[in-house]
Amino acid sequence: MGPAAPYTRFVPVSLENTPVPAAARISTDAALELWRTASHDDWMALANRVRSRYHAPDTATYMVMRIVNYTNVCVAQCDYCAFYRLPSQDGGYVLSQEQVFAKLDELLALGGDLAAFNGGFNPHLPLSYYCDLFSAIRKRYGNRLEFYALTVAEFLYLADHAKLTLSAAARQLQDAGVRWITGGGSEILTEDFRKRHAKFKYTVAQYFEAQRAILEAGLRTTATMVIGFDETLDERLEHLERTRDFQDKVLADIPGTRGLESFLCWTFKPYFTQLGGIEISTGEYLRHLALSRIYLDNIPRIRTSVLTQNQGALEGLRYGADDFDLPIEDEVTQKAGATVSLDFENILGYARTLGFKPTYRSVTASTP
Ligand code: SF4
């Protein structure tokens, strides 16, 4: 359990008279009660009280980014994934540097400047593939473009496969020009969930060990979560609790770190996956976003997922989120049913009709 301060007991009908004190922290029990009893108006009101600790009410930021799926070959066999091919199967691919450059050039031409690399646990790719690729990108684009190199899950596999400690692997990637490894591959951070659906994708303990090694090496990182599988409410809360506890610890232990710089939650797309199922509603997603904003009071940036919720994601700005992506590609979620729109003006216009003034946030501007 985290170092929870007492939380103002939730009283649904008298929110106006029960302000959340500036330093209040919600407990897991209070979050459970809130989930069972709060209306959408209540969620918005409470989430915005926490949001206002970090952001002015009508502000929102966005990025134009591309997820570059550099390989779809993977041995992890998560049952919620429609993207991967086993090494023995037809249809596997690995992108060449030239193919990656073409995708990055297109991203720049569309006004974006952030690429996020996401592939699989490909046993045929040595560490040198990654280091060569990332140093070539840094050399070709300099600071015109930033990239999230790998997810935590891929980083774990890479270190494992190269028989390196996590800190040695982080150093090698850093020497190749890497500045960010993101928190992807977390899905639901409970050991039981991973045993049910992703038994080869490392444990929760290993996930956080890798996050810590990334931060200790001076690399930057983020937190993520995916909901809408078969996880229980308790599992969602455990994920949030572990994330908040981790952030408390690294901010206290690692000098100069910014810890987890943002939290992005998106929703499971079940189509063509072994797990299958039915998508959760946008309303449930929005309630979870509000819960996340309230619970993760030590992470300033809460992001809403246009990739999986399309225009509905922008409603998330009223439920505590302050930031969103305009993605131009992600094969992983598109294979499982996500759709991408390049009509950015339409999406931004919708944010404006909701009362927000969206401004572009360049990750390159915040690089050292
Ligand atoms: S979700 Fe990622 S790790 Fe799991 S099978 Fe798909 S590509 Fe592999």
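# Notebook: a walk through the predicted model

**Helix H1.** I started with helix H1 (residues 28-37), where Thr 28, Ala 30, Ala 31, Leu 32, Leu 34 and Trp 35 are the buried residues. I then looked up what these buried residues pack against, and found helix H2 (40-51), helix H9 (233-253) and helix H10 (282-295). A reminder to myself that this is a predicted model.

**The whole chain.** Next I stepped back to the overall fold. I counted 13 helices and nine strands in the protein chain. Its radius of gyration is 20 Å, close to the 21 Å from the globule rule for 368 residues, so the chain is as compact as a globular protein of that length. Along the principal axes, the C-alpha trace spans about 60 × 45 × 40 Å. I noted that 59% of the 368 residues are buried. The chain exposes about 14,700 Å², and carbon and sulfur atoms supply 53% of that area. I also checked contacts between residues at least 6 apart in sequence: 74% of them join residues at least 24 apart.

**The cores.** Which residues have the most contacts inside the largest nonpolar core? I found Phe 117, Phe 134, Ile 137 and Leu 173, in a core of 112 residues. Helix H4 (residues 127-141) gives the most to this core, with nine residues. A separate core has nine residues, including Met 65, Ile 67, Tyr 148 and Leu 307.

I picked Leu 173 for a closer look. Setting aside neighbours within four places in sequence, I listed its contacts as Leu 127, Tyr 130, Cys 131, Phe 134, Leu 150, Phe 155, Leu 158, Val 178 and Ile 181.

**Helix H5.** Two names on that list, Phe 155 and Leu 158, took me to H5, where both are buried. H5 is mostly covered, with eight of its 10 residues buried. Besides those two, the buried residues of H5 include Val 152, Ala 153, Glu 154, Leu 156, Tyr 157 and Ala 159. I traced their packing partners to strand E2 (114-117), H4, strand E3 (146-151), helix H6 (166-175), strand E4 (180-182) and helix H8 (204-216).

Is Ala 159, which I looked up next, buried or exposed? Ala 159 is buried, at a relative accessible area of 2%. It sits in helix H5 (residues 152-161). Leaving out neighbours within four places in sequence, I found Ala 159 in contact with Leu 164, Thr 165, Leu 166 and Ala 169. For a longer ruler, I took Ala 159 to Arg 51: they are 108 residues apart in sequence and 37 Å apart in space, C-alpha to C-alpha.

**Positive phi angles.** After H5 comes Lys 163, whose phi is positive, near 55 degrees. I then checked Glu 187, which is not a glycine yet has a positive phi of about 45 degrees. Glu 187 lies in the loop between E4 and helix H7 (191-197). With a relative accessible area of 9%, Glu 187 is buried. Tyr 202 is not a glycine either, and its positive phi is about 70 degrees. I placed Tyr 202 in the loop between H7 and H8. Its relative accessibility is 12%, so Tyr 202 counts as buried, the cut-off being under 20%.

**Around the ligand.** Last, I looked at which residues surround the ligand. They are Cys 74, Ala 76, Gln 77, Cys 78, Cys 81, Phe 83, Tyr 84, Gly 119 and Lys 201. By class, I have six nonpolar, two polar and one charged residues in this shell.

Conventions
Residues are numbered from 1 along each chain as its sequence is written. This is a predicted model: local features need pLDDT of at least 70, side-chain atom pairs count only at pLDDT 80 or more; totals for chains, interfaces and linings use all residues. Side-chain values use heavy atoms; hydrogens and water are left out. A residue is near a molecule or strand if one of its heavy atoms lies within 4 Å of it. Ala, Val, Leu, Ile, Met, Phe, Trp, Tyr, Cys and Pro count as nonpolar, Asp, Glu, Lys and Arg as charged, and the others, Gly among them, as polar. Helices (H or I, at least four residues) and strands (E, at least two) are DSSP runs, numbered from the N terminus. The radius of gyration is taken over C-alpha atoms; the globule rule is 2.2 Å times the number of residues to the power 0.38. Buried means under 20% relative accessible area, exposed over 50%, partly exposed in between (1.4 Å probe, protein chains only). Contact means heavy atoms within 4.5 Å. Accessible areas come from the Shrake-Rupley method with a 1.4 Å probe; for residues, only the protein chains shown count as cover. A nonpolar core is a set of buried Ala, Val, Leu, Ile, Met, Phe, Trp, Tyr and Cys residues joined through side-chain atoms within 4.5 Å.
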